[in-house]
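Me: I would like to go through the disulfides and the nonpolar cores of a protein model. Please reason briefly and end each reply on the value or name requested.

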Amino acid sequence: MSRRLVLPALLLAVLAPVALVACSSTSTPSALCGGAHTVKIGSRTWTCTFDDEFGGTSLDTGKWSVQTTPASGWTTADTCYLNDPGNIVESGGALHLVARRVAAPMSCGGRYSTVRTGGAVITRGHFSQARGLFVFRARYPATRLAGFWGNLWLYPERLTYGRWPGSGEVDVAEHWSGHGDTVSPSLHYPDSSGADTRSCTVANVATFHTYAVEWGRSSMSFYYDGHLCFQRDWTTVSGSTKPFDKPFFVMLSEGFGDFDLPISPLLPQAGSVDVDYVRVYE
């Protein structure tokens with residue numbers, strides 16, 4: 001979906017092994033993912049480079065920064081993404097990013113007035129990586145009414161090839177509440193089209209599922225609960241490994257909006273994407 005950004009055991013036992021070369025800009029070789037430095041999937045052994053199990057009571061600012069609309073201008077619909085305890089909560093072994101309506105219209109850093117607020121966090125400046133295995137365990141809001149927009153995604157650390165979509169974007173698991181139990185992986189780059197996205201069905205998005213992307217030299221494979229959802233070789237379109245040859249950071253977000261449906265007036269006042277963990281390997 002178009003946007004612009006200014007600026008327990010692993011459940012993937014059926015992943016097919018591919019030859020990858022990782023290019024980490026700020027990886028931590030001694031990192032633990034779920035308590036282990038490495039994990040074997042198929043015939044490949046992966047090494048943990050980044051992990052957050054969200055077992056604390058506040059966001060780890062050594063790993064994450066808060067993405068706000070007043071600072072960057074980035075938004076979905078008229079959501080004001082804020083660094084606010086009502087929108088970003090770590091408790092109960094998960095990170096809760098909350099989209100919520102406030103009682104009266106508020107100024108979003110002088111950019112516009114809105115009653116819709118959201119939460120978003122990024123690893124930019126802390127961790128980024130090109131290629132490898134990125135794994136998320138998360139659940140989305142239970143409502144089927146249109147209006148909540150959550151995403152587990154990757155964005156370039158530097159805009160080497162220009163502004164969006166020139167430097168690329170990877171949506172590992174994007175969900176709009178009005179679309180039921182469908183979750184969409186997609187790639188965005190200068191020559192991307194409808195062939196670069198897919199709608200995949202999971203069994204109840206309001207329960208925890210594992211979403212992953214295996215990022216290779218010329219293709220990406222998206223797995224939901226260990227099952228292949230979508231595979232795409234972007235080089236057959238672009239004729240180059242660009243723009244997915246540079247490090248990307250991790251972003252988690254929940255706000256308001258949809259790409260083809262209006263926000264329902266009956267939408268609950270709040271909804272959250274709850275993230276159990278984020279694990280990255282090379």
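Me: Is cysteine 200 buried or exposed, and at what relative accessibility?
Reply: The model is a predicted one, in which local features need pLDDT of at least 70, side-chain atom pairs count only at pLDDT 80 or more, and totals for chains, interfaces and linings use all residues. Residues are numbered from 1 along each chain as its sequence is written, and side-chain values use heavy atoms, with hydrogens and water left out. Buried means under 20% relative accessible area, exposed over 50% and partly exposed in between, with a 1.4 Å probe and protein chains only. Cysteine 200 therefore counts as buried, its relative accessibility being 8%.

Me: Which cysteine forms a disulfide with cysteine 200?
Reply: A disulfide is a pair of cysteine sulfur atoms within 2.5 Å. The sulfur atom of cysteine 200 has its partner 1.7 Å away, and the link is right-handed, with 75° about the S-S bond. Cysteine 200 is in strand S14 (residues 200–201) and its partner in strand S17 (residues 227–233), 29 residues apart, strands being DSSP runs (E, at least two residues) numbered from the N terminus. The partner, buried with a relative accessible area of 13%, is cysteine 229.

Me: How many residues apart in sequence are the parts that cysteine 33 and cysteine 48 tie together?
Reply: These two cysteines form a disulfide with their sulfur atoms 2.1 Å apart, and both are buried. Cysteine 33 lies in the loop between strand S1 (23–24) and strand S2 (38–41), and cysteine 48 in strand S3 (residues 44–52), so the separation is 15 residues.

Me: What is the angle about the S-S bond in the link of cysteine 80 and cysteine 108?
Reply: Cysteine 80 is in strand S5 (residues 80–81), whereas cysteine 108 is in the loop between strand S7 (94–107) and strand S8 (113–122). Their sulfur atoms are 2.1 Å apart. The link is right-handed, at 85°.

Me: What is the pairing of the bonded cysteines in sequence order?
Reply: A search of the whole structure gives 3 disulfides. Numbered along the sequence, the bonded cysteines pair as 1-2, 3-4, 5-6.

Me: Which strand gives the largest share of the largest nonpolar core?
Reply: A nonpolar core is a set of buried Ala, Val, Leu, Ile, Met, Phe, Trp, Tyr and Cys residues joined through side-chain atoms within 4.5 Å. The largest has 42 residues, of which Leu152, Leu154, Leu252 and Val278 touch the most other members. The largest share, 4 residues, comes from strand S19.
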